[in-house]
Amino acid sequence: MKFLQLSQQSKTLLILTGLSLATVVARIFATEDILYLFLIWNLFLAALPYTFAKITARHAKPKNLGLRAMLLLGFWLLFLPNSFYIVTDLIHLKRSQSHLIYFDLLMIASFAITGLMYGYYSIQVISKTMASYWNKTTLSLATLAVYLLCGFGIYLGRVLRWNSWDIITQPAQLFRDIAVIVLNPLSHLQSWGITIGFGVFLYTLHLVMQRYSIAVGSKNL
């Protein structure tokens, strides 16, 4: 079976994805309400970085990344915040009916955890690829920077309502908004608070997951 031939990462992600989709489908059939159908689209966006990461790893050259891998790396970074943005969908619980609130919490949480795992595994794939070119210190700093950028991406998406593809459709306005925030930090404390808050939270979660993975791996030796 093809499923058995997949990596442990891919198997985990497929199982989590299946469980998440099952919850939203069950809700639609039970309530005839498509309120949370958008979660499926958000999960699709959350899964793209993992796909880009795997393709990047396959195209990376031994001594240097190469142009194709660098372009793929750019797409990976552009879409990566979507993997973590889905956590903020918990805000939509305020739209749930009281008798469905706990099921909706379970449903959104399942999507959020799946999105987090897509993001974490994609960074793990990229880290393993970049380990051939960077030392551990550079890699650690780059990982922290990536999570801070994801925190900023979450702010752009949730608060300012920008999407990843707006860098193509509305680049001037997007970069104008970013420039205003970067050049006037004291006037945009909320922006930096959300950026640093989510960035540090995600990086801490990354360190915990990394330590757990090492501990489990060493036990299996």
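Buried means under 20% relative accessible area, and exposed means over 50%. Keep those cut-offs handy for the exercises below, and remember that this is a predicted model.

**Exercise 1. Decide whether Leu-71 is buried or exposed, and place it in the fold.**

Step 1: Find the element. Leu-71 sits in helix H4.

Step 2: Apply the cut-off. Leu-71 has 52% relative accessibility, so it counts as exposed.

Step 3: Relate it to another part of the chain. Ser-213 is 142 residues away from Leu-71 along the chain, and their C-alpha atoms are 29 Å apart.

**Exercise 2. Do the same for Thr-143, then work out which residues it touches.**

Step 1: Thr-143 belongs to helix H7.

Step 2: Its relative accessibility is 10%, so Thr-143 counts as buried.

Step 3: Leave out residues up to four places away in sequence, and the contacts of Thr-143 are Ile-123, Ser-127, Tyr-203 and His-206.

**Exercise 3. Describe the second largest pocket and say which helix gives the most to its lining.**

Step 1: Start with the space. This pocket holds about 270 Å³.

Step 2: Look at the wall. There are 13 lining residues, and those nearest the centre are Ser-127, Leu-139, Thr-143, His-206 and Gln-210. Helices H6 (101-130), H7 and H10 (189-219) each give two or more residues to this lining.

Step 3: Pick the top contributor. That's H10, with 6 residues.

Step 4: Sort by class. You get 5 nonpolar, 7 polar and 1 charged residues.

Step 5: Link back to Exercise 2. Thr-143 is among the residues nearest the centre of this pocket, and Ser-127 and His-206 are among its contacts.

**Exercise 4. Now tackle the largest pocket: what is its volume, and what lines it?**

Step 1: The volume comes to about 710 Å³.

Step 2: The lining has 28 residues, with Leu-78, Pro-81, Gly-153, Asn-163 and Ser-164 nearest the centre.

Step 3: Five helices supply two or more lining residues each: H3 (38-59), H4 (67-79), H5 (81-85), H7 (136-158) and H9 (171-183). The largest share is from H7, at 7 residues.

Step 4: By class, the count is 18 nonpolar, 7 polar and 3 charged.

**Exercise 5. Check how the span of helix H2 fits with expectation, and list its buried residues.**

Step 1: H2 covers residues 8-31, which is 24 residues.

Step 2: From first C-alpha to last, H2 reaches 35 Å, close to the 34 Å expected at 1.5 Å a residue.

Step 3: Its buried residues are Gln-9, Ser-10, Lys-11, Leu-13, Thr-17, Ser-20, Thr-23, Val-24 and Arg-27.

Step 4: Look just past the end of the helix. Glu-32 has a positive phi there, at about 55°.

**Exercise 6. Why does the radius of gyration of the protein agree with a compact globule?**

Step 1: Get the fold straight. The protein has 10 helices and 0 strands.

Step 2: Compare the two values. A compact globule of 221 residues would have a radius of gyration near 17 Å, and the protein has 19 Å, so the two agree.

Step 3: Add the outline. Along the principal axes, the C-alpha atoms fill a box of roughly 55 × 55 × 30 Å.

Step 4: Add burial and contacts. Of the 221 residues, 41% count as buried. Of the contacts between residues at least 6 apart in sequence, 75% join residues at least 24 apart.

Notes:
Residues are numbered from 1 along each chain as its sequence is written. This is a predicted model: local features need pLDDT of at least 70, side-chain atom pairs count only at pLDDT 80 or more; totals for chains, interfaces and linings use all residues. Side-chain values use heavy atoms; hydrogens and water are left out. Helices (H or I, at least four residues) and strands (E, at least two) are DSSP runs, numbered from the N terminus. The expected span of a helix is 1.5 Å times one less than its number of residues. Buried means under 20% relative accessible area, exposed over 50%, partly exposed in between (1.4 Å probe, protein chains only). On a 1 Å grid over the protein atoms alone, a cavity is a set of points where a 1.4 Å probe fits but cannot get out, and a pocket is an open set with protein on both sides within 12 Å along at least five of seven lines; lining residues have an atom within 4 Å of a point. Grid points are joined across faces, edges and corners, and a volume is the space filled by probe spheres set on the points. Ala, Val, Leu, Ile, Met, Phe, Trp, Tyr, Cys and Pro count as nonpolar, Asp, Glu, Lys and Arg as charged, and the others, Gly among them, as polar. The radius of gyration is taken over C-alpha atoms; the globule rule is 2.2 Å times the number of residues to the power 0.38. Contact means heavy atoms within 4.5 Å.
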